[in-house]
Amino acid sequence: MGTALIYDEEMTKYKLLWVDPACKIEVPERLSVSYEALVRTGLSDRCVAVPPREASDAEILLVHSEEYLEGVKKTPHMTLEDLKEFTLQYGDVYFHPNIYHCAKLAAGSALQLVDSVMTGTVRNGMALVRPPGHHSMRSAASGFCVFNNVAIAARYAKQKHGAKRVLIVDWDIHHGQGVQYCFEDDPSVLYFSWHRYEHQKFWPNLRESDYDSVGKGSGAGFNINVPWNKVGMENSDYLSAFCHVLLPVAYEFCPDLVLVCAGFDSAIGDPEGEMCATPDIFAHLTHLLMNLAGGKLCAVLEGGYNLTSLAQSVCQTVQTLLGDPLPRLANLGSPCESALESLQCVRSVLRRYWPILKHAADPPTTDVGSRRIKLAKAEGEKAETAEEERSREEKVWPEPAERLRPPVCSASALPDDAACPDGLKRLTSSKDLGPLLGRRIKTEVAGDADGVATFLRLYTLIEKMRTNEIGNGVALVPDVAAAVKCVVQDLGSDLVNRVLVVCVGKEELNYATADGKMLVVQISGEDKEEQKGKYYIPMCLKKGCGDTVGFIQAVLGLLLPLGYEYDPGLVLLSRMPGSGVGDCMWQQLIGLLKGFAKGHTLVLMQTNDEACMGPTASVLLGHPAPPLQELLTPLPDDGDALERMRERLQADWKMLQTAVSSGN
Ligand SMILES: CC(O)(O)NCCCCNCCCN
Ligand SMILES: [Zn+2]
């Protein structure tokens with residue numbers, strides 16, 4: 001199934017007709033440069049072009065009031081003076097004779113996207129629209145927004161397609177207060193937003209944009225605000241918010257559909273956000289959402305005002321929706337203290353609503369609330385003077401790296417008598433081996449003939465991943481532990497400079513991996529507290545790997561952050577016999593691990609584990625992992641163990657932090 005792309009140049013045909021410093025950044029070129037970048041890179045040709053349509057009155061009235069709609073309907077016939085007059089009643093927005101038409105197309109585009117995804121015509125998609133939507137409220141325009149495109153889409157998905165639970169992820173750098181107001185008492189729509197806040201000093205300067213607005217009534221717990229109280233947030237801050245706040249809750253919520261308020265003013269270079277996250281971060285943010293809701297994801301453009309980073313970020317997002325390998329995130333920093341303070345605050349207010357966060361730390365002792373400015377004297381940020389604007393240094397960042405699809409997406413190395421699942425390219429040792437291999441066989445490792453054959457197959461797979469001839473692969477071997485040992489001790493380290501080894505199930509993995517060439521993470525039911533060390537991390541689940549809640553907690557809260565910080569060149573995932581891990585959880589794990597090492601994942605399974613070959617191959621080939629069933633309440637001790645583990649490890653691994661360092 002493909003990726004839908006919705007765009008029409010009609011939505012570029014309105015602009016600011018008078019002087020208003022607050023609105024001058026919202027220009028038609030935002031849309032055209034985004035689309036042109038998709039055309040130039042060949043990405044638009046790979047998408048399914050879906051035409052926009054005008055949202056009907058009834059659809060607009062799913063969110064907005066009749067009087068508001070009636071008012072907006074009059075704008076096409078207004079004189080310039082009337083338009084100015086009409087605009088004055090709202091904040092930071094402008095009207096134009098053609099904006100009502102474009103606003104209907106923007107909302108209708110979101111609905112077309114929802115139809116395409118919910119009917120299975122496409123797997124996912126992106127709508128390039130303007131005017132944006134997430135600030136507009138039931139009876140008010142705001143922040144360049146006229147109709148709330150994503151809020152209308154969420155209501156529409158429930159009403160027309162019977163969606164039970166809709167997740168809205170708003171990565172725009174502004175708080176989508178319009179979305180929050182729309183769903184704050186609705187437990188069927190989970191709204192997550194991060195936004196520049198600076199203790200209420202940043203637009204829209206709302207008290208209710210802070211982390212303690214968690215929703216109301218039966219909606220309590222279903223509204224998540226992550227305020228950024230400083231500018232300059234980086235990739236590590238964004239990934240920490242996903243791993244330690246959004247994803248655990250999203251997996252527990254188990255949505256039928258994911259809608260993204262895809263604003264790119266959260267990228268480096270944007271005059272509004274003033275953040276430092278690079279455009280390739282959106283490849284990962286998109287990827288991390290694509291294993292939810294069976295991959296049903298609709299991204300709708302919101303903000304983004306630096307035309308260079310906007311275009312690059314749009315391309316990164318669409319390329320991930322298309323299933324291309326993800327870029328490695330170079331030198332990820334550690335989350336800054338301000339971000340950690342925000343994460344700690346929001347996790348502490350959410351833990352009472354979401355068992356998966358039950359063990360989150362108490363709020364920081366420093367009273368964050370006291371730093372919120374007294375609203376009385378705040379008139380929002382002052383209009384920036386021309387020289388102040390020029391003086392703000394021009395940000396530069398590297399062009400995002402190419403993300404080349406390897407000629408072979410997925411390969412298999414199997415014993416001759418094992419069946420090869422459709423779509424996998426079968427490697428046979430004989431014809432595929434390079435001459436250099438002859439010198440490399442170390443028979444004492446490979447042992448008997450069978451071992452030699454396994455050795456040859458694995459080496460071939462890894463070699464072809466290294467040269468990007470192959471994306472990922474799966475090998476069935478007679479003895480998984482021996483195979484892991486052989487790869488780890490003889491192949492992985494000198495072929496690839498960092499190998500992330502993920503072992504599911506119990507097995508003695510006694511490699512001294514002090515040199516950092518390898519990071520071994522083992523998830524099992526065995527308690528191995530004694531074996532400590534920065535590069536060998538045993539995660540013990542009391543109820544074993546069959547405990548999906550404990551497992552997903554370990555994956556999201558430990559494995560993902562570790563993986564991002566380690567940034568491996570290869571991921572080796574082994575499924576020990578008798579691990580007990582469920583198929584869905586196993587598929588989710590593969591789906592998530594594909595985000596590392598440009599997708600070079602090598603899965604090792606025991607020959608008699610053939611039954612798991614199908615589900616494994618499906619995810620390796622790019623199909624979304626099926627959703628985990630609604631998560632049961634995690635065992636209290638597993639959560640505790642996880643927190644204790646995180647405490648112990650975060651000295652070495654900064655991405656595991658979820659709170660300000662206790663010293664503060
Ligand atoms: C869709 C959106 O979230 O990007 N709209 C942002 C509205 C910003 C209003 N304030 C502008 C002040 C100019 N310095
Ligand atoms: Zn924005």
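**Sheet architecture and ligand surroundings in a predicted model**

Strand 1 (residues 2–6), helix 1 (residues 29–40) and strand 2 form a right-handed β-α-β unit; helices (H or I, at least four residues) and strands (E, at least two) are DSSP runs numbered from the N terminus, and a crossover is right-handed if, with the strands pointing away from the viewer, the path from the first strand over the helix to the second runs clockwise. The structure is a predicted model, in which local features need pLDDT of at least 70 and side-chain atom pairs count only at pLDDT 80 or more, whereas totals for chains, interfaces and linings use all residues. Residues are numbered from 1 along each chain as its sequence is written, chains are lettered from A and ligands numbered from 1 in the order in which they are written, and side-chain values use heavy atoms, with hydrogens and water left out.

Strand 1 belongs to an open sheet of eight strands in the order 2-1-3-8-7-4-5-6, with parallel pairing; two strands pair if DSSP finds at least two bridges between them. Strand 2 (48–49) and strand 6 (223–228) stand at the edges with a single partner strand each, so one side of each has no neighbour in the sheet. Strands of a sheet pair through backbone hydrogen bonds, either parallel or antiparallel. Strand 1 pairs with strand 3 in the parallel sense over five bridges and with strand 2, also in the parallel sense, over two bridges. Leu 5 stands opposite Met 126 in strand 3 and opposite Ala 49 in strand 2. Four of the five residues of strand 1 are buried, so this strand is largely enclosed by the rest of the structure; buried means under 20% relative accessible area, exposed over 50% and partly exposed in between (1.4 Å probe, protein chains only).

Strand 4 (residues 166–170) is mostly covered, with five of its five residues buried. Val 166, Ile 168 and Asp 170 point one way from strand 4, while Leu 167 and Val 169 point the other way. Parallel pairing over five bridges links strand 4 to strand 5 (residues 189–196), and Val 166 and Leu 167 stand opposite Val 189 and Leu 190, respectively. Strand 4 also pairs with strand 7 (residues 257–262) in the parallel sense over five bridges, where Ile 168 stands opposite Leu 259. A right-handed β-α-β unit is made by strand 4, helix 7 (residues 177–183) and strand 5.

Ligand 1 is surrounded by 15 residues, of which Asp 92, His 134, His 135, Asp 265 and Tyr 305 come nearest; a residue is near a molecule or strand if one of its heavy atoms lies within 4 Å of it. By class, this shell has five nonpolar, five polar and five charged residues; Ala, Val, Leu, Ile, Met, Phe, Trp, Tyr, Cys and Pro count as nonpolar, Asp, Glu, Lys and Arg as charged, and the others, Gly among them, as polar. Polar side-chain atoms of His 135 and Tyr 305 lie 2.6 Å and 2.5 Å, respectively, from an oxygen atom of ligand 1. A backbone N or O atom of Gly 143 lies 3.0 Å from a nitrogen atom of ligand 1. Taken alone, ligand 1 exposes 430 Å², and the protein buries 90% of that; accessible areas come from the Shrake-Rupley method with a 1.4 Å probe, and for residues only the protein chains shown count as cover.

His 134 is located in the loop between strand 3 (122–127) and helix 6 (149–161) and is buried, with a relative accessible area of 2%. The side chains of His 134 and Asp 170 are joined by a polar contact of 2.6 Å; a polar contact is a pair of N or O atoms within 3.5 Å, where within protein one must be able to donate a hydrogen and the other to accept it, and residues adjacent in sequence count only if both atoms are side-chain atoms. Pro 131 lies in the loop between strand 3 and helix 6, and the peptide bond from Arg 130 to Pro 131 is cis, with omega near 5 degrees.

A cis peptide bond, with omega near 5 degrees, also runs from Trp 203 to Pro 204, and Pro 204 lies in the loop between strand 5 and strand 6. Most residues other than glycine have a negative phi, and most peptide bonds are trans. Asp 92, found in the loop between helix 4 (80–88) and helix 5 (99–118), has a positive phi of about 50 degrees and is partly exposed at 29% relative accessibility.
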